[in-house]
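User: Please take a close look at one part of this structure and explain how its strands and helices are arranged.

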Amino acid sequence: MKISVIGCGYLGAVHAACMAELGHEVIGVDVDAQKVSLLGSGRAPFHEPGFEEVLSRNVEAGRLTFSTDFADLAGAQVHFIGVGTPQVDGSYAADLTYVDAAVTALAPHLGEHPDGPTLVVGKSTVPVGTAARLAEQLAPTGATLVWNPEFLREGFAVQDTISPDRIVYGLPGDADLAERGRATLDAVYADLLAQDIPRLLTDYATAELVKVAANSFLATKISFINAMAELCEATGADVTALAEAIGHDDRIGSKFLRAGIGFGGGCLPKDIRAFMHRAGELGVDQALTFLREVDSINDRRRDHVVNLARHALGGTFEGKKVAVLGAAFKPDSDDMRNSPALDIAARIESQGADVVITDPAAGPRLREERPYVTVADDAHAAAVGADLVLLLTEWKQFRELDPAALREVVARPYLIDGRNALDPATWRAAGWTYAGIGRP
């Protein structure tokens with residue numbers, strides 16, 4: 001099939017490349033000419049394991065192209081919308097500017113397709129009610145709208161696209177349109193469905209709620225274990241042992257039960273806030289008031305690490321050097337959106353510390369985008385002469401550091417493990433003062 005993907009950021013570019021990998025002819029459209037040029041040459045504009053290989057392979061094979069011109073979408077039967085929905089400045093609301101602009105620009109190029117119904121597929125995370133509104137807007141074109149939320153994890157995006165744990169179709173209320181949409185999208189995902197991946201057929205509203213409900217649950221689980229970490233620090237208990245014990249209960253599970261500096265990135269924080277905002281608009285804001293505490297706990301973790309660092313340095317950051325290991329919001333990514341690591345580093349620097357940051361993937365981007373930040377090539381370079389080392393993103397390179405070798409370059413062997421990613425006994429045996437989150 002010939003497919004278009006509108007929006008070539010993290011979601012759209014990965015989806016476009018993976019659809020080409022499935023054998024479709026794909027064109028990605030984006031207003032950013034520089035990004036389009038980079039993608040068109042087979043080079044990735046962001047770090048994502050395995051993505052550049054899939055991208056370059058399909059560009060070279062001629063199955064995948066990119067453009068800034070919506071007229072180039074002509075002939076595509078299926079159009080995916082994968083643009084961003086950031087948080088509105090000064091509000092918890094989701095900004096739908098890019099979604100609305102994509103639909104408006106796409107509409108003139110829609111019409112009957114010789115191979116069957118034209119399909120528009122929404123993948124962006126939007127407030128419930130958006131799909132129904134867009135379906136009305138698209139109705140005069142004859143295209144059918146299906147909402148097909150994405151469930152990508154950064155660091156595993158290619159795997160999650162090619163072999164997702166579930167596929168959700170939000171279908172229109174009209175039975176004939178719903179059947180047309182289902183059949184066409186089944187054809188797109190034929191190879192995925194052949195893997196017996198669960199496919200759930202829902203209405204628009206349910207499909208829109210699936211992604212934000214899932215992210216809200218994950219955020220709640222993270223903030224829950226961080227709240228337990230606060231209690232563990234007050235009582236001398238060990239949150240890692242606590243998490244392991246409750247994680248053996250299969251009703252709870254062990255995933256997302258690692259205490260630390262909290263969640264960040266371009267999805268969880270803005271999604272739970274947009275969810276709360278939309279609930280307020282619908283008059284059911286009390287249903288999601290617990291998410292305010294989830295958000296608050298998450299913010300407190302950043303404050304907590306700054307306070308730990310200040311205490312470790314004798315009550316002041318003035319004249320002290322701090323090495324920060326990590327800038328991305330999670331490992332295997334160069335995404336620094338709402339990064340707890342960068343936020344903590346900035347707070348410490350603003351209070352007088354000399355901060356040096358290193359990150360295997362985000363470091364080069366940080367140098368380019370924020371030239372005023374001191375960036376080192378690796379952990380050893382960052383730690384030279386440091387009075388304090390903070391591990392804030394749990395990259396494999398940091399988890400495998402030799403504490404004895406690192407001790408040789410620091411001014412003072414004091415480490416705060418903001419991700420509970422290291423073995424305290426190993427580091428203490430090497431002469432370090434080790435402080436974790438919620439653990440003795």
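Analyst: The following account concerns one sheet and the helices that lie across its strands.

This is a predicted model, in which local features need pLDDT of at least 70 and side-chain atom pairs count only at pLDDT 80 or more, while totals for chains, interfaces and linings use all residues. Residues are numbered from 1 along each chain as its sequence is written, and side-chain values use heavy atoms, with hydrogens and water left out.

The sheet is open and has six strands in the order β11-β10-β9-β12-β13-β14, with parallel pairing. Strands (E, at least two residues) and helices (H or I, at least four) are DSSP runs, numbered from the N terminus. Two strands pair if DSSP finds at least two bridges between them. In general, strands of a sheet pair through backbone hydrogen bonds, either parallel or antiparallel.

At the edges stand β11 (374-375) and β14 (433-435); each has a single partner strand, so one side of each is left without a neighbour in the sheet. For β11, two bridges in the parallel sense connect it with strand β10 (residues 354-358). Within this pairing, Val375 in β11 stands opposite Ile357.

Two helices complete the picture. Helix α13 (residues 340-350) lies across β9 (321-325), β10 and β12, and runs at about 160° to β10. Helix α12 (residues 290-312) lies across β12 (388-391) and β13 (414-417), running at about 170° to β13. Such angles run from 0 to 180 degrees between N-to-C directions, and the axes are lines fitted to C-alpha atoms, for helices over the stretch in contact; contact means heavy atoms within 4.5 Å.
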